[in-house]
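Subject: Structure handover

Hello,

Please find the structure below, passed on to you for your own reading. My notes on what was found in it follow directly after.

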Amino acid sequence: MKTLAFLIILLCTLSFNALSQNITEIPLPEEFVTTMDVASEYPMVRTGYLTDSISDITRFYQQKLGEPSKTNGNSTYRTLFYNYQEHKVRISLYRRSYVTEVSIMVE
């Protein structure tokens with residue numbers, strides 16, 4: 001019984017560690033300034049900002065991750081939906097006050 005409990009805990013820990021690495025594997029533009037990074041909880045979230053436009057950031061992610069499976073928004077806000085390493089990834093972009101806020105969520 002102790003062995004079974006140990007194996008379950010070990011598998012959960014390994015799975016969680018594999019998931020937490022996924023947020024760090026999402027590419028970021030060079031000048032990305034991180035304001036929050038939650039890789040130890042689920043869903044994993046990283047937020048920050050850039051001075052680049054929404055169009056430039058969208059092009060960056062299209063080059064790095066390919067075409068998104070779905071896109072919502074316009075020139076003020078946009079959300080890109082990806083399937084990345086068997087996880088759903090949502091990249092939300094919001095333009096205000098000369099910066100674009102970026103929020104990346106791995107489900």
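R96 is partly exposed, with a relative accessibility of 47%. This comes from a predicted model, as does everything below. R96 forms a salt bridge with E101, and the closest N and O atoms of the pair are 2.6 Å apart. E101 is also partly exposed, at 28% relative accessibility.

The salt bridges in the chain number 3. Another one joins the side chains of R46 and D37, with 2.9 Å from N to O. The two ends of this pair have different surroundings: R46 counts as buried at 8% relative accessibility, the limit for buried being under 20%, whereas D37 is partly exposed with a relative accessible area of 41%. There is also a salt bridge between the side chains of R59 and D56, at 2.4 Å from N to O. R59 and D56 both belong to helix α2 and are 3 residues apart, so about one helical turn separates them. R59 is partly exposed at 43% relative accessibility, and D56 is partly exposed with a relative accessible area of 36%.

Now the overall layout. The chain holds 2 helices and 6 strands. Read from the N terminus, the elements follow the order α-β-β-α-β-β-β-β. The chain has 107 residues, of which 32% are buried. Its exposed area is about 7000 Å², and carbon and sulfur atoms supply 54% of that. Among contacts with a separation of 6 or more, 40% are between residues 24 or more positions apart.

The 6 strands make an open sheet, in the order β1-β2-β6-β5-β4-β3, with antiparallel pairing. β1 (33-38) and β3 (70-73) are the edge strands; each has a single partner strand, so one side of each has no neighbour in the sheet. From one strand to the next, the twist averages 15 degrees. As general background, strands of a sheet pair through backbone hydrogen bonds, and the pairing can be parallel or antiparallel.

At the β3 edge, the partner is β4 (residues 77-84): the two strands run antiparallel and are joined by 4 bridges. Within this pairing, G73 stands opposite R78 in β4.

Helix α2 (residues 54-65) lies across four strands of the sheet, namely β2 (44-50), β4, β5 (87-96) and β6 (99-106). The helix runs at about 5 degrees to β4. One residue to look at on this helix is T58. T58 counts as buried, at 7% relative accessibility. Leaving aside residues up to four places away in sequence, T58 touches R78, L80 and L93. R78 is thus a residue to find twice: as a contact of T58 and as the β4 residue opposite G73.

What does the largest nonpolar core consist of, and which members touch the most others? That core has 18 residues, and Y61, V89, I91 and V102 are the ones that touch the most other members. β2, α2, β4, β5 and β6 each give two or more residues to this core. The largest share, 5 residues, comes from α2. With residues up to four places away in sequence not counted, Y61 touches I26, P27, L28, P29, G66, L80, Y82, I91 and I104. L80 therefore has a place in two contact lists, that of Y61 and that of T58, where contact means heavy atoms within 4.5 Å.

Last, the loop between β5 and β6. S97 is located there, and Y98 is located there as well. The phi of S97 is near 45 degrees, which is a positive value in a residue other than glycine. Y98 also has a positive phi, of about 70 degrees, although Y98 is not a glycine. Are these two residues buried or exposed? S97 is exposed, with a relative accessible area of 59%, and Y98 counts as exposed at 73% relative accessibility.

Regards

Methods. Residues numbered from 1 in each chain as written. Predicted model: local features only at pLDDT ≥ 70, side-chain atom pairs only at ≥ 80, totals over all residues. Heavy atoms only, no water. Pairing = 2+ DSSP bridges. Axes fitted to C-alpha atoms, helices over the stretch in contact; angles between N-to-C directions. Salt bridge = Lys/Arg side-chain N within 4 Å of Asp/Glu carboxyl O. Buried < 20%, exposed > 50% of the residue type's maximum accessible area, 1.4 Å probe, protein only. Core = buried A, V, L, I, M, F, W, Y, C linked by side-chain atoms within 4.5 Å. Areas by Shrake-Rupley, 256 points an atom, 1.4 Å probe, with all protein chains shown as cover.
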